[in-house]
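Dear colleague,

I am passing on to you the structure that we talked about, and I would be glad if you opened it before reading the notes that follow.

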There are 2 protein chains.
Amino acid sequence: MNFEQILKEKELKITPQRLVVFEAIYTLKTHPTAEEIIVFIKERHPNISVATVYKVLDVFVEKGIVRKVKTENEVMRYDAFMEHHHHLFCADSNRIEDYQNEELDTLLRDFFDSKKIKGFKIKDFQLHITGTFKNK
Amino acid sequence: MNFEQILKEKELKITPQRLVVFEAIYTLKTHPTAEEIIVFIKERHPNISVATVYKVLDVFVEKGIVRKVKTENEVMRYDAFMEHHHHLFCADSNRIEDYQNEELDTLLRDFFDSKKIKGFKIKDFQLHITGTFKNK
DNA sequence: TTATGTAAAGATAATAATTCTCGTTTAGAA
DNA sequence: TTCTAAACGAGAATTATTATCTTTACATAA
């Protein structure tokens, strides 16, 4: 499915700026910060406004096109990979990687199905795994 | 164990400001923001400096006395409960609650013991559970 | 007692990410 | 082609946080 269709589905106008912001997050697979996205874009399209990038990002998050990734110390980072997944956080650097494991999801879903949290209705869960990357 | 002992163990000087900041986080069981902590403290001790509160919080985080909790939209929040635990995030408000479940931890530990993540050494994990609180 | 060193606190300026404002432009429907 | 709400651009404003610099508290040594 291409990105223009996604915008249409969400009843958002197709604008060059939106295409460009999405392209940036999608190309930078590193869970980029807003600033990294802006730098990437500015190289190709110097006329896009910083405020526009922020606004586009907000709209994307609101409509579920990209996701915000919370980290402990840093600024907000963005992730265009919208399937249910978890994150690996490097304890020594800013590196973040996606982690997807169907078996883990089943395990957790089964756990919470049998073991309800009283007074709380679960919508979603996401595991933050901290550790160190061996390579690179 | 009282708080003065904790400071001693961490080789930190016992100061009134540190006691007061810890008391604030501990009393406000709501994962308060720095600002909420500052407001709480200012009522009782109007002379403490904002910068001092931030510095004390940083030291606490660095020494593992409190923990930072980052949420999607907001500013940093703090948690004085340092045992391994997870968080329940309300999808509709800023409410955050701690969630601790020994069985869940065992389940996850066992899972990752048998199912290593290649190229990654796990130090810790924390589950972010999003949903809605039924009561209050 | 007095001097000295050092960690911590206080006040305020600086920084930086993000948001706001408001005038202008544009996408897409009619 | 025209119209209008939606989106964009530029820069100011905001706000949480950090940095800087001075002062204070307190321990140790002369």
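An N or O atom in the side chain of A:Gln17 lies 2.7 Å from a sugar or linking oxygen of DNA strand D, and please keep in mind throughout that this is a predicted model. Two other side chains of chain A can be viewed alongside: A:Thr15 places a polar side-chain atom 2.6 Å from a phosphate oxygen of the strand, whereas A:Lys55 has a side-chain N or O atom 3.1 Å from a base oxygen. The elements that contribute two or more residues to the surface near DNA strand D are helix H2 (16-27) and helix H4 (50-62) of chain A, along with helix H3 (34-44) and helix H4 (50-62) of chain B.

Around DNA strand D there are 20 residues, of which A:Thr15, A:Gln17, A:Arg18, A:Thr52 and B:Tyr54 come nearest. By character, the residues of this surface are nine nonpolar, five polar and six charged. If you look from the side of the DNA instead, 71% of the atoms of strand D within 4 Å of the protein belong to sugar or phosphate, and the rest belong to bases.

How are the two protein chains related to each other? Chain B is superposed on chain A, with an RMSD of 0.2 Å, by a rotation of 179 degrees and a shift of 0.1 Å along the axis, which means that the relation is that of a two-fold axis. The same surface serves both copies, since 100% of the contact residues of chain B recur in chain A. Within chain B, the residue that comes closest to the rotation axis is B:Leu127, with its C-alpha at 2.2 Å.

With best wishes

Note on methods
Residues are numbered from 1 along each chain as its sequence is written. Chains are lettered from A and ligands numbered from 1 in the order in which they are written. This is a predicted model: local features need pLDDT of at least 70, side-chain atom pairs count only at pLDDT 80 or more; totals for chains, interfaces and linings use all residues. Side-chain values use heavy atoms; hydrogens and water are left out. A residue is near a molecule or strand if one of its heavy atoms lies within 4 Å of it. A polar contact is a pair of N or O atoms within 3.5 Å; within protein, one must be able to donate a hydrogen and the other to accept it, and residues adjacent in sequence count only if both atoms are side-chain atoms. Helices (H or I, at least four residues) and strands (E, at least two) are DSSP runs, numbered from the N terminus. Ala, Val, Leu, Ile, Met, Phe, Trp, Tyr, Cys and Pro count as nonpolar, Asp, Glu, Lys and Arg as charged, and the others, Gly among them, as polar. Copies are superposed by least squares on the C-alpha atoms of residues with pLDDT of at least 70 in both. Contact means heavy atoms within 4.5 Å.
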